[in-house]
Amino acid sequence: MKHLLLTCALSTAALPALADEPVIQNATARQSGGSWTFSVTLSHPDTGWEHYADGWRILDMDGNELGLRVLAHPHEHEQPFTRSLGGVQIPEGTTQVQIQARCLTDGWGQQRYPLKLP
């Protein structure tokens, strides 16, 4: 009996994840004074309050977080959608950043969208 349970557990663990992570379709940045505003367009198969894209962040090229935009509700009827984040401080001399999106259920996505700063 123990052998049968172990076999089932191992075969289940080997199955690939079926979740769709948020996809960053576009991102822009503009500087205003000493800070930056980022607009990010993403899509995700939101199903409601239990499973939706709940944020995105700006990272430097070393993976350090520079800004975080929390998405407070699902967008199941608005796909893709664009949200902005202002007041982001970017270290002087930075020419490129990365954007990464997050899902409430699955966490941070693998995709990192590179964005050259104008």
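Here are some worked exercises on the predicted model shown above.

## Exercise 1: Lay out a sheet

**Task.** Work out the order in which β1, β2 and β5 form a sheet, and find which strands lie at its edges.

**Solution.**

Step 1. Start with β1 and β2: 9 bridges join them, and the two strands run antiparallel.

Step 2. Now take β2 with β5, a pair held in the antiparallel sense over 6 bridges.

Step 3. Put the pairs together. The 3 strands make an open sheet in the order β1-β2-β5, with antiparallel pairing. The edge strands are β1 and β5, each of which pairs on one side only.

Step 4. For the geometry, ignore direction: neighbouring strands of this sheet are turned against each other by 15 degrees on average.

## Exercise 2: Follow the register across β2

**Task.** Find the residues that stand opposite I24 and N26 in β2, then carry on from L42 into β5.

**Solution.**

Step 1. I24 faces L42 of β2, and the bridge partner of N26 in that strand is T41.

Step 2. Cross to the other side of β2. In β5, L42 has F81 as its bridge partner.

Step 3. Go back to the turn between β1 and β2. Their hairpin has 2 residues between the strands, and G33 there takes a positive phi near 70 degrees.

Step 4. Look also at what precedes β5. P80 sits in the loop between β4 (65-70) and β5, and the peptide bond that joins Q79 to P80 is cis, with omega at about -15 degrees.

## Exercise 3: Judge how covered β2 is

**Task.** How many of the residues of β2 are buried, and is S35 buried or exposed?

**Solution.**

Step 1. Count over the strand: 8 of the 9 residues in β2 are buried, so it is mostly covered.

Step 2. Turn to S35, which is found in β2. Its relative accessibility is 18%. The cut-off for burial is under 20%, so S35 counts as buried.

Step 3. List what S35 touches beyond four places in sequence: R30, G87, V88 and Q89.

## Exercise 4: Trace the nonpolar core

**Task.** Find which strands supply the largest nonpolar core and which residues have the most contacts inside it.

**Solution.**

Step 1. This core has 21 residues, and F38, W56, I58 and I99 are those with the most contacts inside it.

Step 2. Assign the strands. At least two core residues come from each of β1 (23-32), β2 (35-43), β3 (53-59), β5 (81-88), β6 (96-103) and β8 (113-116). The strand that gives the most is β2, with 4 residues.

Step 3. Inspect the surroundings of I58. Beyond four places in sequence, I58 is in contact with F38, N64, E65, L66, G67, L85, V88, V97, Q98 and I99.

## Exercise 5: Find the salt bridges

**Task.** How many salt bridges does a search of the whole structure find, and which parts does the pair of D54 and R102 tie together?

**Solution.**

Step 1. Keep the principle in mind: side chains of opposite charge can pair when their charged atoms come close.

Step 2. The search finds 3 salt bridges. One of them joins the side chains of D54 and R102, at 3.0 Å from N to O. Because D54 lies in β3 and R102 in β6, this pair ties together parts that are 48 residues apart in sequence. D54 and R102 are both buried.

Step 3. R83 forms a salt bridge with E78, where the closest N and O atoms are 3.1 Å apart. E78 is partly exposed, having a relative accessible area of 35%.

Step 4. R57 and E65 also meet in a salt bridge, at 3.4 Å from N to O. Here R57 is buried, with a relative accessible area of 16%, whereas E65 is partly exposed at 43%.

## Exercise 6: Describe the setting of R57

**Task.** Which strand holds R57, and which residues is R57 in contact with beyond four places in sequence?

**Solution.**

Step 1. R57 is placed in β3.

Step 2. Its contacts beyond four places in sequence are E65, G67, L68, Q98, I99, Q100 and W108.

Step 3. Pick out the polar contacts between side chains. R57 has one of 2.7 Å with Q100 and one of 3.4 Å with E65.

Notes
Residues are numbered from 1 along each chain as its sequence is written. This is a predicted model: local features need pLDDT of at least 70, side-chain atom pairs count only at pLDDT 80 or more; totals for chains, interfaces and linings use all residues. Side-chain values use heavy atoms; hydrogens and water are left out. A nonpolar core is a set of buried Ala, Val, Leu, Ile, Met, Phe, Trp, Tyr and Cys residues joined through side-chain atoms within 4.5 Å. Buried means under 20% relative accessible area, exposed over 50%, partly exposed in between (1.4 Å probe, protein chains only). Contact means heavy atoms within 4.5 Å. Two strands pair if DSSP finds at least two bridges between them. Axes are lines fitted to C-alpha atoms, for helices over the stretch in contact, and angles run from 0 to 180 degrees between N-to-C directions. A salt bridge is a side-chain nitrogen of Lys or Arg within 4 Å of a carboxyl oxygen of Asp or Glu. A polar contact is a pair of N or O atoms within 3.5 Å; within protein, one must be able to donate a hydrogen and the other to accept it, and residues adjacent in sequence count only if both atoms are side-chain atoms.
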